[in-house]
Amino acid sequence: MIFSSLKLNKDEPIYIQVENHIKESIEKGMLQKGSKLPSTREVSSFLNISRNSVVVAYENLEIDGIIKSSRGKGTFVTIEASKPKNEFNIDWGTRINSYGSICESMDILKTELPWEKNMISFKSIAPEENLFDIEEFKRAFLDVISLEGNKILNYGYAKGYKPLLEYLMDYMKSKGINTEGKDILVTNGFTEGFDIIINTLTEPGDVIICENPTHNTAIKIMKAHGLDIIGVPMNEDGIDTKSLEKALENTSPKFAYIIPSYHNPTGIVMNGEKRQEVLNIFQKHSIPVIEDGFNEELLYTSSPVPSLASFCTDGNGVVYVGSLSKILFPGLRLGWMFGDRDLINTLESVKRARTIHSSFIDQGIFYHYMKSGAFDKYVKKVRKHYKDKYEFTLKQVNKHIPYESITGEGGLHIFIKLKGINAREVLQKCYEKGVVFTPGDIFYTDGGGEDTFRIGFSRVSEEDIEKGIKVIGEVINSIKNL
């Protein structure tokens, strides 16, 4: 009530005191333009004065154009106070900490060449939204609202929506993983899951070992937390185990971060024998493994390979970070972490301290969609679609681009290494011709990869794939002939 601070005196008429109080409240910014005033009856009751005094005050203010009454709606302030100049400025740039500075400096949406209208862009590895089954999604939405009612819109639990947790546990079992002594935490995609692990298990200056190249978002998160990253070179079948053994002779990492399937950015799928070998090496050195289950559903050229977590049959040394965002509804931002029950218990508390929980209605929709069998039908459809696109892209690359090597066995991208040509020089010239792609150096932990780049084809039409790849090839050949 704006009149709680009004102290009436006996020297002035009450209606004038009421008028002046409203004017002062407007000048001080306590009442803004459009603010609703209490009714004359409410004011008279609150101040214990005659209602007529309040009516006269309101009438005078309306005559002056300060307020306006509308029958059935109320009385509203119609003017704005003249605001005094207040230059309270802070140089926020000097207050940004190292975490914020690193996140901004490594934000590729800000630092890399942007897509512009009518450009052919090979930057994205997001799914093609036209393939989403919207009718099944709507049905899942209606199912969760029908079954859960109002409570699905209230606060939920940090760990996740119970039916989804149970579904994901069965999903992990279907991958041949021993779930005894394990638990699951739902996250806002891979990024939050990985960040929670980093926050929980590391201190600035700790060492993390990973493939080189690797997921650029993971690099950004690790660097932002002040971690020392050791990148181990890759062969055509995944991480170089000899280099890995050598690296572990000289350091003791806090953990390893590995992408064994459809590796980002190379697209390499590590075979089963090598996975067992890699896990044995980490086990020998007691180095826990964070396994990134990237794009596991989009295999085109071979049979499914068991995850690292499935090779860790009776142990708890592998934490699996899963997400279906690269093939299904990335806008929902849902992922999960699977690992040792006691660890997940701690990670749950960290999750609760950060974001309370991931959206329960999103989790409910996702669960009902998956449970209905719609996902299995969707995957069969998109696997064929993306396989055709993958093969078409590969054909165009082989036709137009002179390269040293090309990798990619599935997923939504391929990775190209050039013969002594800087990919950023190629990118700049292609950009001028309306074609953009992702330079490979952003995926390297040591500043390397200047002669590599990634082609994401998932959201590009075959017509534009052919045109864009041809432009890239022409630019490369023109640089070679200089």
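Student: In which loop is S286 found?

Tutor: The model is a predicted one. S286 has phi near 55 degrees, a positive value in a residue other than glycine. As for its place in the chain, S286 is found in the loop between α11 and β10 (289-293).

Student: Which residue follows N212 through a cis peptide bond, and where does that residue lie?

Tutor: Omega is near 15 degrees for the bond from N212 to P213, and this bond is cis. The residue in question is therefore P213, as the bond runs from N212 to P213. Its position is the loop between β6 (207-212) and α9 (216-224).

Student: What is omega for the peptide bond from N264 to P265?

Tutor: P265 is located in the loop between β9 (255-258) and α11 (272-284). The bond that joins N264 to P265 is cis, and its omega is near 20 degrees.

Student: Into which domains is the protein chain divided?

Tutor: The UniProt record, an unreviewed entry, annotates residues 12-80 as "domain: HTH gntR-type". Over residues 12-80 the chain is 51% helix and 14% strand, with the end C-alpha atoms 26 Å apart. The domain assignment divides the chain into domain 1 (14-77), domain 2 (114-129 + 377-481) and domain 3 (133-370).

Student: How much area do domain 2 and domain 3 bury between them?

Tutor: The centres of domain 2 and domain 3, taken over C-alpha atoms, are separated by 26 Å. In contact are 25 residues of domain 2 and 31 residues of domain 3. The size of an interface is often given as the accessible area lost when the parts come together. Of the area buried here, 59% is on carbon and sulfur atoms, and the total is about 2500 Å².

Student: Which residues of domain 2 lose the most area to domain 3?

Tutor: The answer concerns the domain 2 side of the area that domain 2 and domain 3 bury between them. Together, 29% of what that side buries comes from E409, F443 and T445.

Student: How many residue pairs are in polar contact across the interface of domain 2 and domain 3?

Tutor: The count of salt bridges between domain 2 and domain 3 is 1. K377 forms a salt bridge with E136, and their closest N and O atoms are 3.9 Å apart, a distance that satisfies the 4 Å cut-off. For polar contacts across this interface, the number of residue pairs found is 11.

Student: Which element supplies the largest share of the side of domain 2 that touches domain 3?

Tutor: At least two residues of that side come from each of α15 (374-400) and β14 (413-417). By type, the residues of this side divide into 13 nonpolar, 6 polar and 6 charged. The largest share, 8 residues, is supplied by α15.

Student: How many residues apart in sequence are the parts that the pair E112 and R424 ties together?

Tutor: The whole structure contains 19 salt bridges. E112 forms a salt bridge with R424, with the closest N and O atoms 2.8 Å apart. Because E112 lies in the loop between α5 (108-111) and β4 (120-121) and R424 in helix α16 (residues 423-432), the pair ties together parts whose separation in sequence is 312 residues.

Terms used: Residues are numbered from 1 along each chain as its sequence is written. This is a predicted model: local features need pLDDT of at least 70, side-chain atom pairs count only at pLDDT 80 or more; totals for chains, interfaces and linings use all residues. Side-chain values use heavy atoms; hydrogens and water are left out. UniProt positions are given in the numbering used here, feature names are shortened, and annotations may be inferred rather than shown by experiment. Helices (H or I, at least four residues) and strands (E, at least two) are DSSP runs, numbered from the N terminus. Domain bounds come from an automatic or database domain assignment. Contact means heavy atoms within 4.5 Å. Buried area is the accessible area (1.4 Å probe) that two parts lose on being put together, summed over both. A salt bridge is a side-chain nitrogen of Lys or Arg within 4 Å of a carboxyl oxygen of Asp or Glu. A polar contact is a pair of N or O atoms within 3.5 Å; within protein, one must be able to donate a hydrogen and the other to accept it, and residues adjacent in sequence count only if both atoms are side-chain atoms. Ala, Val, Leu, Ile, Met, Phe, Trp, Tyr, Cys and Pro count as nonpolar, Asp, Glu, Lys and Arg as charged, and the others, Gly among them, as polar.
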